[in-house]
Amino acid sequence: MDLTFKVAAQPGAASIEGLPDAWHWSRVIFNFDAILTPNHRHVLEMRVMGPYDAVLARAVLEFAREHSSRITGSGRPLVPLEGFTCPGWEFDTVAAVSPDVHENHAQDDPELHKATWTLFPGHHCEFSGTESEEEAIYMFRRALQPTKLHRGSVPFLKMRYDNTRTRSRSTGPDRGLAPLPVLLNELSLLRGAPGSWVEWENRLGEILRAEAGAAPAITLRTASGDRGITMDELVDLAEQSVVNARKTP
């Protein structure tokens, strides 16, 4: 399969000056940028809906191609590459999702679809690097808004809970992906609900659990042990445990 021909043949595609094997084209409200991996076996493509920045798009393509072997050889549905920078932007990660996750070119050119990894800039706190295919699909198609450059970060978080007062509980025995506001809200509802609990997991796989006893007692359980904690301390600690989880160098 001649990927050079296939990408260059996209309607309106033009070579990106000074960047070999890379093209840009636009269609209605979308801008497209694509670059071939060094071995020409894969396409790394970025799609932006609405406000667009050519400098950022170029930086994403260059960074992804530099680390393309980590993407295409990963065997994973979603690959986050930390260490990215671009002046004027707070993004610190480039994420790539496999053809099993995205649907780009799936209808018009199945062969091109299978060879394409889709890129988008993101924040390190949004990814664990161990996402299942189901989780990657949910994040890419619903949670992260990957085609929008002006978006807030959505920290990686999995949780489950049971509240004896509100009678609200998560479904099933496993922790599922959830937005941070849901975690903070469920933690706030522990007050006055003895026997209730909330359990959450951050991007590092660290698991924390808060349990409500007789008011106002709340116990925080972690790998380091158990301790009592106030509601204000709990909410702040929970947010920090999710947003600022960093891997040890």
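## Close-up views of a predicted model

**View 1. The whole chain.** Of the 249 residues in the chain of this predicted model, 47% are buried. The chain contains 7 helices and 13 strands, and its C-alpha trace spans about 70 × 35 × 35 Å along the principal axes. Among the contacts in the chain with a separation of 6 or more, 53% join residues that are 24 or more positions apart. The chain exposes an area of about 12,400 Å², and carbon and sulfur atoms supply 50% of that area.

**View 2. The crossing of helices α6 and α7.** Two packed helices are described by the angle between their axes and the distance between the axes. Here helix α6 covers residues 180–188 and helix α7 covers residues 231–243, and their axes come within 10 Å and cross at roughly 160°. Angles over 145 degrees count as roughly antiparallel, and α6 and α7 are therefore roughly antiparallel to each other. The crossing of α6 and α7 is, in addition, right-handed.

**View 3. The residues between α6 and α7.** On the side of α6, the contact is made by Leu180, Leu183, Leu184, Leu187 and Ser188. On the side of α7, the contact is made by Met231, Leu234, Val235, Ala238, Glu239, Val242 and Val243. When the residues of this contact are divided by kind, 10 are nonpolar, 1 is polar and 1 is charged.

**View 4. Asp21, a residue with a positive phi.** Most residues other than glycine have a negative phi. Asp21 is a residue other than glycine, yet its phi is positive, with a value near 55°. To find Asp21 in the structure, look in the loop between strand β1, residues 14–15, and strand β2, residues 22–27. Is Asp21 buried, partly exposed or exposed? With a relative accessible area of 29%, Asp21 is partly exposed, given that buried means under 20% and exposed means over 50%.

**View 5. His40, in the loop between β3 and β4.** The loop that holds His40 lies between strand β3, residues 30–36, and strand β4, residues 43–49. Although His40 is not a glycine, its phi is positive, at about 60°. The relative accessible area of His40 is 33%, and this residue is partly exposed.

Terms used. Residues are numbered from 1 along each chain as its sequence is written. This is a predicted model: local features need pLDDT of at least 70, side-chain atom pairs count only at pLDDT 80 or more; totals for chains, interfaces and linings use all residues. Side-chain values use heavy atoms; hydrogens and water are left out. Axes are lines fitted to C-alpha atoms, for helices over the stretch in contact, and angles run from 0 to 180 degrees between N-to-C directions. Helices (H or I, at least four residues) and strands (E, at least two) are DSSP runs, numbered from the N terminus. Angles under 35 degrees count as roughly parallel, over 145 as roughly antiparallel, 65 to 115 as roughly perpendicular and the rest as oblique. A crossing is left-handed if the near helix is turned anticlockwise from the far one by less than a right angle, and right-handed if clockwise. Contact means heavy atoms within 4.5 Å. Ala, Val, Leu, Ile, Met, Phe, Trp, Tyr, Cys and Pro count as nonpolar, Asp, Glu, Lys and Arg as charged, and the others, Gly among them, as polar. Buried means under 20% relative accessible area, exposed over 50%, partly exposed in between (1.4 Å probe, protein chains only). Accessible areas come from the Shrake-Rupley method with a 1.4 Å probe; for residues, only the protein chains shown count as cover.
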